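Q: I've got a model open and I'd like to learn how to read it, feature by feature. Can we start with the ligand and work outwards?

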Amino acid sequence: MKAFILDRYKKKGALRFGHMPEPPVRGDDVLVEIQAAGLNLLDSKIRDGEFKLILPYRPPFILGHDVAGTVVRVGSKVGQFRTGDEIYSRPRDGRVGTFAELISIDKADVALKPKNLSMEEAASIPLVGLTAWQVLVEKANLRKAQKILIHAGAGGVGTFAIQLAKHLGATVATTTSTANVDLVKSLGADVVIDYKKDDFSKDLSGYDIVLNSLDKETLEKSLRVLKPSGKLISISGPPDADFAEAIGASWFLQQAMRLLSFGIRTKAKRRRVSYSFLFMRANGDQLSRITSLIEAGIIRPVMDRVFPLEATNEALAYIETGRSKGKVVVKVR
Ligand SMILES: NC(=O)c1ccc[n+]([C@@H]2O[C@H](COP(=O)([O-])OP(=O)(O)OC[C@H]3O[C@@H](n4cnc5c(N)ncnc54)[C@H](OP(=O)(O)O)[C@@H]3O)[C@@H](O)[C@H]2O)c1
């Protein structure tokens, strides 16, 4: 099958468009004919070698973490999916590879695609949708009338998280550039901080939760907007010891991660707030709940551009500019 292959880790290195064997289908797997694949900065970071310690993929392998497509075969232990089902997924770590014609995915990572979305729109959802779900619902336990600051509201995670937070009944503040103020308002943001003109850490206070996806400076300034017992949750690092333990990291790596987050944890403690890092996980059940929200019209995808599969390297370069509005997807067939 045709695929975009990483032959060796290299910063900004191009993926090779070549051929790989069709993936084997285990008892718990569904084989999916890929119609569209969503792009994420995680693809770029893995290609650059930044995740080698956490996700030790051995080249050559296929990149790509989001997929929408059609089930063409099911394993012997699969009951809930059938040939012909239209599905979407963020396959689990260790089994990614959606920049290709086919992928074999564990049934536990799969959900039926929202009926009201095109394949391209559906492929834009899983990784960012699950990230927002796991931060807001699982980790933050966001409730009605709480206040949350979601950084980078115009990005992939931000556009989804704003809508989910509004659905959960929270008051939502977000940061964005002037060009995207209207977009984040249209998604439901109550308070919009245009970072070109204003400093969020001066304008906001008394917040229950901050979702950080930006740099260290933003992370540290975010402490100031939280009220005592508030939660600072970061998806862009630094990792903490709980995360290291959750992924079964070695003692050495656990200590390294503890050290990396020592500064922010100490500063958080001084302000009587908590700091935690979250790295999203594949989860078909949560994705099914996201399907329901999308079919009910509560959450909609925000699409920036669709590239042809052949232009996957160009599509990655485009998201690496950090300026994409919502999601970028490649159309496979
Ligand atoms: N840990 C996890 O599980 C996990 C999961 C998903 C993502 N992530 C990470 O989270 C980060 C965000 O991911 P993403 O997919 O949402 O990225 P993205 O879609 O590429 O984000 C692009 C957006 O960021 C906005 N932005 C850039 N600089 C900003 C600033 N200083 N203030 C406010 N907005 C700013 C841009 O809006 P403007 O053009 O208006 O500036 C743009 O719309 C990445 O580092 C990604 O790797 C982690």
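**Reading the ligand site**

A: Sure, and keep in mind that this is a predicted model. Start with a backbone contact: a polar backbone atom of methionine 280 sits 2.7 Å from an oxygen atom of the ligand.

Q: Which other residue offers a polar backbone atom to an oxygen atom of the ligand, and which one uses its side chain?

A: For the backbone, look at serine 324, where the distance from a polar atom to a ligand oxygen is 2.6 Å. For the side chain, go to tyrosine 195: an N or O atom there is 2.3 Å from an oxygen atom of the ligand.

Q: How much of the ligand's accessible area does the protein cover?

A: On its own the ligand has 940 Å² of accessible area, and the protein covers 86% of that.

Q: How many residues surround the ligand, and what classes do they fall into?

A: There are 24 residues around the ligand, and the closest are Gly156, Ser177, Tyr195, Met280 and Ser324. Sorted by class, the shell has 11 nonpolar, 11 polar and two charged residues. If you want to trace the shell back to secondary structure, α1 (41–47), α3, α4 (156–167) and β10 (171–176) each contribute at least two residues to it.

Q: Now, how do I read a pair of packed helices?

A: Two numbers describe such a pair: the angle between the axes and the distance between them. Here, try α3 (residues 126–139) against α11 (residues 284–295): the angle is about 100 degrees and the axes are 10 Å apart. Angles of 65 to 115 degrees count as roughly perpendicular, so that's the label for α3 and α11.

Q: Which residues make the contact between α3 and α11?

A: From α3 you have Pro126, Gly129, Leu130, Trp133, Gln134 and Glu138, and from α11 Gln286, Leu287, Arg289, Ile290 and Leu293. By class, the contact of α3 with α11 has six nonpolar, three polar and two charged residues.

Q: What about unusual backbone geometry?

A: Most peptide bonds are trans, and most residues other than glycine have a negative phi. Against that, the bond from proline 59 to proline 60 is cis, with omega near -5 degrees, and proline 60 is in the loop between α1 and β4 (61–62). The bond from glycine 237 to proline 238 is cis too, with omega near 0 degrees; proline 238 belongs to the loop between β13 (226–234) and α8 (241–246).

Q: Where is asparagine 141, and what is its phi?

A: Asparagine 141 lies in the loop between α3 and β9 (147–150), and its phi is positive, near 50 degrees.

Methods: Residues numbered from 1 in each chain as written. Predicted model: local features only at pLDDT ≥ 70, side-chain atom pairs only at ≥ 80, totals over all residues. Heavy atoms only, no water. Axes fitted to C-alpha atoms, helices over the stretch in contact; angles between N-to-C directions. Helix = DSSP H or I, 4+ residues; strand = E, 2+ residues; numbered from the N terminus. Parallel < 35°, antiparallel > 145°, perpendicular 65-115°, else oblique. Contact = heavy atoms within 4.5 Å. Nonpolar A, V, L, I, M, F, W, Y, C, P; charged D, E, K, R; others polar. Near = heavy atom within 4 Å. Polar contact = N/O pair within 3.5 Å; in protein donor to acceptor, adjacent residues only side chain to side chain. Areas by Shrake-Rupley, 256 points an atom, 1.4 Å probe, with all protein chains shown as cover.
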